[in-house]
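Biologist: Could you take a close look at one part of this chain for me, the helices and the side-chain pairs that join them? I would enjoy a connected walk through it, with the geometry spelled out.

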Amino acid sequence: MIFILKIILCSSLLIAVYYLFMQKEKMYAFNRFYLIFSLLFSYTVPFISIKSETPKPSNRFQTTIEATQDVLDLSSGQESFNPINLIWIIYGTVTLVLLTKTIFTILKIKKIKGEKIIYKNQAVVLADENISPFSFCNTIYLGKNHLINNQIDPRIFLHEKSHIDQKHSIDLLFIEILKIFTWFNPSLYFYKKAVVINHEFLADESVIKKKFNIKDYQHLILDEIISQKNYDLTHTFNFNNTKKRFIMMNTKKSKLTNFKKAISFPVLLLAFGLFVQKTHAENRENATDLIPEVSEKIFENKVENLTEKKKESSPEKNSIVKELKDNLANKSQDTIRPNNERSTSTSSEIMQNKNDSNSEETTIAQYPGGPNELRNKVAKLFDGSKMNEKNQKTMRTEINYIVDETGKVIDITATGNDEVFSTEAVSAFKKANENIVWKPAEKDGKPVRYQMKLPLTMSFQ
């Protein structure tokens, strides 16, 4: 989620700079480069990580994975409502609609009926229907009425040929692909509008450089406006921003052009500083200072709660209490140090919530290597450097997941009081389960779905 937000904010900042300083300047080639580079920049920078040489302040914190409570999901055919699934359904539906629409548009262009000719070493389709001239990829499309005495108006031909020679279709296809898969980014619609009009400025400039009369050329464009059919993803000769094109044809190059070009560089540096991932140098001074006192208390409380809750201890409960005490004895001095050398002490052992009234025999889902292996992996993969220590607060989240009948972990979600902490917890848990197949839970010897939850707490000291 944080990456999506950074992409939207970065792309919005850069397109705003374009509209404020650059769109009205006669520096079309530079503007084209800026627009496409801005998109690539916005979609790349949030995933770049840089490491600061200055260690982070020595705020000590301790991460504690509390004991988990496993819940057996006996209704294997039913799943509780998960809003994340609904979001994915909406995203997939909209993406599929946009992808289908784009493919249909391309096929519609390719199926235009007409005579294919080579005109001045350029592929041209003379359509049977009366369409306005446009170009797509390496082909110019226009109605047969535009071929008079085996000649195409040189201004129309030069305009469309410029689109092809400068490969403007690649820009449009690139933006269209981004729109299909990131349609939720509102800035993309402004980028497309800016790119298309800038393409027209470039093509018009190619015509004007050939010393054609500007007023006659403008009248030609106005005559083409009455044409009936236009296509998406194409450069149509009677482009609807006619007024802007006419203004730019008569605009002289500003003295501030070079200054406005220079503005883009500090803006890009600013965006890089704002949206790049920042990690700090390792702080080793407190790596050995933390003792898992919280871990001991958690185990002690769990034992006390079990003994007080059931005074009449069954052999089954006694075994659980004994297991917890053994774990406490073995794990009380266990300190795990992830990559950032901050001590991560964990106190979790998977604990089965058995139902005394249920006489059917069940076994819990098991991680390869046991619960210790899972605990160690999650602790090692958790990146504590992403946490904001300024608030000096305790952050909590609860990871919910299901181990299905095949041993695959599905439906991983987290709810907590800090979004960044919850996101990183889910990320660490997913990485710990990459290419991992659990031993599924069993009921009466048959694999069943097993729902589990893992509370996670980070406290600053």
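Modeller: Happy to! A salt bridge here is a side-chain nitrogen of Lys or Arg within 4 Å of a carboxyl oxygen of Asp or Glu. By that rule the structure, which is a predicted model, holds eight salt bridges. As background, side chains of opposite charge can pair when their charged atoms come close.

Let me set the scene before going into the pairs. The chain has 461 residues, and buried residues make up 46% of them. It contains 13 helices and 17 strands. Among contacts with a separation of 6 or more, 77% come from residues 24 or more positions apart.

Now to helix 5 and helix 6. Their axes come within 10 Å and cross at roughly 175 degrees. An angle over 145 degrees counts as roughly antiparallel, and helix 5 and helix 6 are therefore roughly antiparallel to each other. On the helix 5 side, the contact is made by His168, Asp171, Leu172, Ile175, Glu176, Leu178 and Lys179. Facing them from helix 6 are Leu188, Tyr189, Tyr191, Lys192, Val195, Val196, His199 and Leu202. Sorted by class, this contact of helix 5 with helix 6 has nine nonpolar, two polar and four charged residues.

Two of the residues in that contact, Glu176 and Lys192, also pair by charge. Glutamate 176 forms a salt bridge with lysine 192, and the closest N and O atoms are 3.2 Å apart. Glutamate 176 sits in helix 5 (residues 168-181) and lysine 192 in helix 6 (residues 187-208), so the salt bridge ties together parts that are 16 residues apart in sequence. Both partners, glutamate 176 and lysine 192, are buried.

Further along helix 6 there is a small network of salt bridges, which links Glu200, Asp204 and Arg245. Take glutamate 200 to begin with: its side chain meets that of arginine 245 in a salt bridge with an N to O distance of 3.9 Å. This pair links distant parts of the chain, with glutamate 200 in helix 6 and arginine 245 in helix 8 (residues 242-249), 45 residues apart. Glutamate 200 and arginine 245 are buried. Arginine 245 also meets aspartate 204, here with 2.7 Å from N to O. Again distant parts are linked: arginine 245 belongs to helix 8 and aspartate 204 to helix 6, 41 residues apart. Aspartate 204 is buried, as is arginine 245.

Helix 6 takes part in ring pairing too. With ring centres within 6.5 Å as the rule for a pair, the count comes to 17 aromatic pairs. In one of them, the rings of tyrosine 28 and phenylalanine 201 have centres 5.4 Å apart and planes at 40 degrees, so the pair is tilted. Tyrosine 28 lies in helix 2 and phenylalanine 201 in helix 6, so this pair ties together parts that are 173 residues apart in sequence. Tyrosine 28 and phenylalanine 201 are both buried. For another geometry, look at tryptophan 88 and tyrosine 91, an edge-to-face pair with 5.9 Å centre to centre and 90 degrees between the planes. Tryptophan 88 and tyrosine 91 both lie in helix 3 (residues 83-110), three residues apart, about one turn of the helix. Tryptophan 88 is exposed, with a relative accessible area of 58%, while tyrosine 91 counts as partly exposed at 23% relative accessibility.

That brings us to helix 2. Helix 2 (residues 28-44) packs with helix 9 (residues 257-275) at an angle of about 0 degrees, the axes being 12 Å apart. Helix 2 and helix 9 are therefore roughly parallel to each other. Phe30, Tyr34, Phe37 and Phe41 of helix 2 make the contact with Lys261, Ser264, Leu268, Ala271 and Phe272 of helix 9. The residues of this contact of helix 2 with helix 9 divide into seven nonpolar, one polar and one charged. Tyr34 has a further role in an aromatic cluster, which it forms with Tyr18, Tyr19 and Phe190.

One last stop in helix 2 is serine 42. Serine 42 is buried, with a relative accessible area of 0%. Leaving aside neighbours within four places in sequence, serine 42 is in contact with Ile7, Cys10, Ser11, Leu14 and Tyr191. Tyr191 is also one of the helix 6 residues that meet helix 5, which takes us back to where the walk began.

How values were computed. Residues numbered from 1 in each chain as written. Predicted model: local features only at pLDDT ≥ 70, side-chain atom pairs only at ≥ 80, totals over all residues. Heavy atoms only, no water. Helix = DSSP H or I, 4+ residues; strand = E, 2+ residues; numbered from the N terminus. Buried < 20%, exposed > 50% of the residue type's maximum accessible area, 1.4 Å probe, protein only. Axes fitted to C-alpha atoms, helices over the stretch in contact; angles between N-to-C directions. Parallel < 35°, antiparallel > 145°, perpendicular 65-115°, else oblique. Contact = heavy atoms within 4.5 Å. Nonpolar A, V, L, I, M, F, W, Y, C, P; charged D, E, K, R; others polar. Phe/Tyr/Trp six-rings, centres within 6.5 Å; stacked < 30°, edge-to-face > 60°.
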